[in-house]
Amino acid sequence: MFSDESRFSLKSDSHQTLIWRASGTRYRQETTIERHRYGGAGWLVTGGIILGSRTDLHVQSVTMTGHMYREDILEQHVRLFRGAMGAEFLFMDDNARPHRANIVNECLQSEDITRMDWPA
């Protein structure tokens, strides 16, 4: 199972163009990536996919914490898929800070859920 989230802003663009580039690449057009940062209120949408199936989308208007991730995502969605798949189940999420909280690791261990090694 793979789980990920995206944030959607309710406010408009600040009209600033922010540029990210790798160190040592100078200002060459082919090495620049334009980024938009929208401040203010927004929605965090989380979902998961697995072998031709998917979780319901989880929508919240607050920042995700380790406690919220455990209660809203792991216990309500991941644990159910783990139960259906059995011992073959492998869970993959990104390395977001709430996903690596001690409370999350303890929950995964107590539910016997194996997390795939995934570099940052």
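1. Let's start with what kinds of residues line the largest cavity in this predicted model. The lining splits into 2 nonpolar residues, 6 polar ones and no charged ones. If you want to find them on screen, look for Met 1, Ser 3, Thr 46, Gly 47, Gly 48, Thr 55, Ile 73 and His 77.

2. Which elements give two or more residues to that lining? They are strand E4 (42-50) and helix H1 (66-85). E4 supplies the largest share, with 3 residues.

3. A word on numbers: the structure has 1 cavity of 30 Å³ or more. The volume of the largest cavity comes out at about 40 Å³.

4. Now have a look at Arg 115, which sits in strand E8 (residues 114-115). Is Arg 115 buried or exposed? Its relative accessibility is 18%, and buried means under 20%, so Arg 115 counts as buried.

5. What does the side chain of Arg 115 reach? One partner is the backbone oxygen of His 99, at 2.8 Å. The Arg 115 side chain also has a polar contact with the side chain of Asn 105, at 2.9 Å.

6. To see the wider surroundings of Arg 115, set aside the neighbours within four places in sequence. Arg 115 then still touches Leu 90, Phe 91, Asp 93, His 99, Arg 100, Val 104, Asn 105 and Leu 108. Try picking out His 99 and Asn 105 in that group: the first offers its backbone oxygen to the Arg 115 side chain, while the second meets that side chain with its own.

Conventions:
Residues are numbered from 1 along each chain as its sequence is written. This is a predicted model: local features need pLDDT of at least 70, side-chain atom pairs count only at pLDDT 80 or more; totals for chains, interfaces and linings use all residues. Side-chain values use heavy atoms; hydrogens and water are left out. On a 1 Å grid over the protein atoms alone, a cavity is a set of points where a 1.4 Å probe fits but cannot get out, and a pocket is an open set with protein on both sides within 12 Å along at least five of seven lines; lining residues have an atom within 4 Å of a point. Grid points are joined across faces, edges and corners, and a volume is the space filled by probe spheres set on the points. Helices (H or I, at least four residues) and strands (E, at least two) are DSSP runs, numbered from the N terminus. Ala, Val, Leu, Ile, Met, Phe, Trp, Tyr, Cys and Pro count as nonpolar, Asp, Glu, Lys and Arg as charged, and the others, Gly among them, as polar. Buried means under 20% relative accessible area, exposed over 50%, partly exposed in between (1.4 Å probe, protein chains only). A polar contact is a pair of N or O atoms within 3.5 Å; within protein, one must be able to donate a hydrogen and the other to accept it, and residues adjacent in sequence count only if both atoms are side-chain atoms. Contact means heavy atoms within 4.5 Å.
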